[in-house]
2 protein chains.
Amino acid sequence: MKYLALAFMAISASGLAAAIGPGDRDKPQTTADVLKSAKAEDWRRPDPANTLYMELPSGRVIIELAPRFAPLHVANIKALVGEKYFDGLAMIRAQDNYVVQWGDPDEKRATENSKRQLAMESVIPWGKGLPLVKLPDPDTYAPETGWIDGFPAGVERKPSGQAWMTHCYGMVGVGRGNPPDSGSGSELYAIIGQAPRHLDRNIVTVGRVLQGMELLSPLPRGPGAMGFYEKPKQRMPIKSIRLASSVPIAERTAIEVLRTDTPLFARYVESRRNRREDWFLVPAGHIDVCNVNIPVRDVPAAKP
Amino acid sequence: MKYLALAFMAISASGLAAAIGPGDRDKPQTTADVLKSAKAEDWRRPDPANTLYMELPSGRVIIELAPRFAPLHVANIKALVGEKYFDGLAMIRAQDNYVVQWGDPDEKRATENSKRQLAMESVIPWGKGLPLVKLPDPDTYAPETGWIDGFPAGVERKPSGQAWMTHCYGMVGVGRGNPPDSGSGSELYAIIGQAPRHLDRNIVTVGRVLQGMELLSPLPRGPGAMGFYEKPKQRMPIKSIRLASSVPIAERTAIEVLRTDTPLFARYVESRRNRREDWFLVPAGHIDVCNVNIPVRDVPAAKP
């Protein structure tokens, strides 16, 4: 068989703030070389208190929340999940090359302690404390891009002084109506196509799918406007959404995510900017932040 | 329901070489405004002699070929299609956030007059005759981007003097092995995820899916390495691939594609660079060439 190209690992990536760039070309390595040389400390275990398990009939989707970027929304999603708000709800929308979205198709389910409206959290202030791992390449949308806390991010130091998570494949955000404060986390979406970066700074992102995108991205596209499903039987049900920390240890999925704040990650990114596998003829010399898939791996389960 | 954002039309886009840019901000228009004002001459009918119909059990996928960019490969694909080479073959691969690929899973089917190896056609020479409709925004991968013949394109005037089609969502290319000349068009792929622009200039692109991406992108991801299917029953069969010009007029799909070489297209692109719909709070100010979906519409069928 002809391989279109070497594999993108079915995974997602994490580096050191400065070392990504031409300097690394002195010791060219393939991605496989780089990952093979990774040490235990180059990987991290996502915090179970910020990890969601969405259980679908087809399996488990694992989402890592990003409290730094949207503290109110992350807290509210945890409250919703604590109330079992999502259990029995459904995937309500799949729009090709755009998003899948889930929540209450009837918009009737009551909540207990969680909120139904929250202040906008689409950006956070840029400040020296923000641990940006910077990508040196030009970006169409943001003056600077890179990773913060392992999530892809855009930064505009001036004039706005803002940072935000970039809308890449697999990012999870909060559906809202026209009013900026009309979202709460009771409807969530995941990006399944070309990064819709025009959404950056327009809507609240809360995290990223670490595992299970292949359960979401092949959902049949909805026949209605914007990919909404029109009949109940078209909607894949959600069995439950739980915080990993509330699930017995034996039932958790043991995974590790490549750290983005290590020298190894810088080498990883360089191996994606300039592909050295035999198949490639012309190295690209650059990479879009949304084309750096951050590796996630299965690891032996923790002992309960 | 909360709308994540206004619709991306389930379609794809086409403008005037210079008019895209800040100048148009004087008369801000939404995309709906722009398309509403389109005249008959802002649309084009794809040439049936360069249009493929791939018939799947789920429906018809329509692909427009780009002979300027890959004349040998386009001619060879037409020869293969003329031999009914693809009839009864199958989708052989679906890799999440990357590609679906089709061809002969057994690599045994004989060909008649078509070739099995062709010289590389991953770039064409940049020259003054090339009708580039230029996008003014910075791109991570190419010095210049825009559209040529209605297809998204990258250009490097110096030092290489090259132009090529960019690997955007829905683009169709030719699978190959490691040798650059090992592709022929007997295995084709379509992009179903984030634009893998590192493939630009590394592989031959031959066209773009105009209609039917929603039949390809939700294929179940293959369980094997790189998304290959492992068992025959996992593979969606291809009923046939035909050149539209060889199909009776009454059986053709009457569609039009928005031209990319008109003032209207420039306004269309501007409406995507800076979204004026009420939902948006912050216009992006820029757009990636792969985020400009070129509208395709159904039209009344031609009379046979």
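## A walk from the interface to the loops

Start by selecting both chains: 61 residues of chain B are in contact with 60 residues of chain A, where contact means C-beta atoms, placed from the backbone, within 7 Å. What you have open is a predicted model, in which local features need pLDDT of at least 70 and side-chain atom pairs pLDDT 80 or more, while totals for chains, interfaces and linings use all residues. Residues are numbered from 1 along each chain as its sequence is written, with chains lettered from A and ligands numbered from 1 in the order in which they are written.

**Stop 1: the chain B side of the interface.** Pick out strand E5 (99-103) and helix H3 (213-216) of chain B, which each supply at least two residues of the side that touches chain A. Helices (H or I, at least four residues) and strands (E, at least two) are DSSP runs, numbered from the N terminus. Colour that side by class and you get 31 nonpolar, 16 polar and 14 charged residues. Here Ala, Val, Leu, Ile, Met, Phe, Trp, Tyr, Cys and Pro count as nonpolar, Asp, Glu, Lys and Arg as charged, and the others, Gly among them, as polar. The copies meet through the same surface, because 98% of the interface residues of chain B are also interface residues in chain A.

**Stop 2: the axis.** Lay chain B on chain A: a turn of 180 degrees and a shift of 0.0 Å along the axis give an RMSD of 0.0 Å, by least squares on C-alpha atoms of residues with pLDDT of at least 70 in both copies. The two copies are thus related as by a two-fold rotation axis. Now click Pro218(B), whose C-alpha is the nearest to the axis in chain B, at 1.8 Å.

**Stop 3: chain A and its five-strand sheet.** Hide chain B for a moment. Chain A has four helices and 16 strands, and its C-alpha trace spans about 60 × 50 × 40 Å along the principal axes. Select the open sheet with the order E6-E10-E9-E8-E7, paired antiparallel; pairing takes at least two DSSP bridges between two strands. Which strands stand at the edges? They are E6 (124-125) and E7 (133-135), each with a single partner strand, so one side of each is left without a neighbour in the sheet.

Zoom in on E9 (residues 151-156) and E10 (residues 162-165) of chain A, joined by four bridges. Ala153(A) sits opposite Met165(A), and Glu156(A) faces Gln162(A). On E6(A), Pro125(A) has Gln162(A) as its bridge partner in E10(A).

**Stop 4: the hairpin turn.** E9(A) and E10(A) make a hairpin with five residues between them, and Gly161(A) in the turn has a positive phi of about 65 degrees. In that loop you'll also find Pro159(A); its peptide bond from Lys158(A) is cis, with omega near 0 degrees. Flip to chain B and check Lys158(B) and Pro159(B), also joined by a cis peptide bond, with omega about -5 degrees.

**Stop 5: two positive phi values outside glycine.** Go to Lys84(A), in the loop between helix H2 (71-82) and strand E4 (90-95), with phi near 60 degrees. Buried or exposed? Lys84(A) counts as exposed, with 12 C-beta neighbours inside 10 Å. The cut-offs, again for C-beta atoms placed from the backbone and within 10 Å, are 20 or more others for buried, 12 or fewer for exposed, and partly exposed in between. Next, Met226(A) has phi near 55 degrees and counts as buried, with 20 such neighbours.

**Last stop: Thr260(B).** Look between strand E15 (255-258) and helix H4 (263-273) of chain B. Thr260(B) is buried, with 29 other C-beta atoms within 10 Å.

Methods: Two residues are in contact if their C-beta atoms, placed from the backbone, lie within 7 Å.
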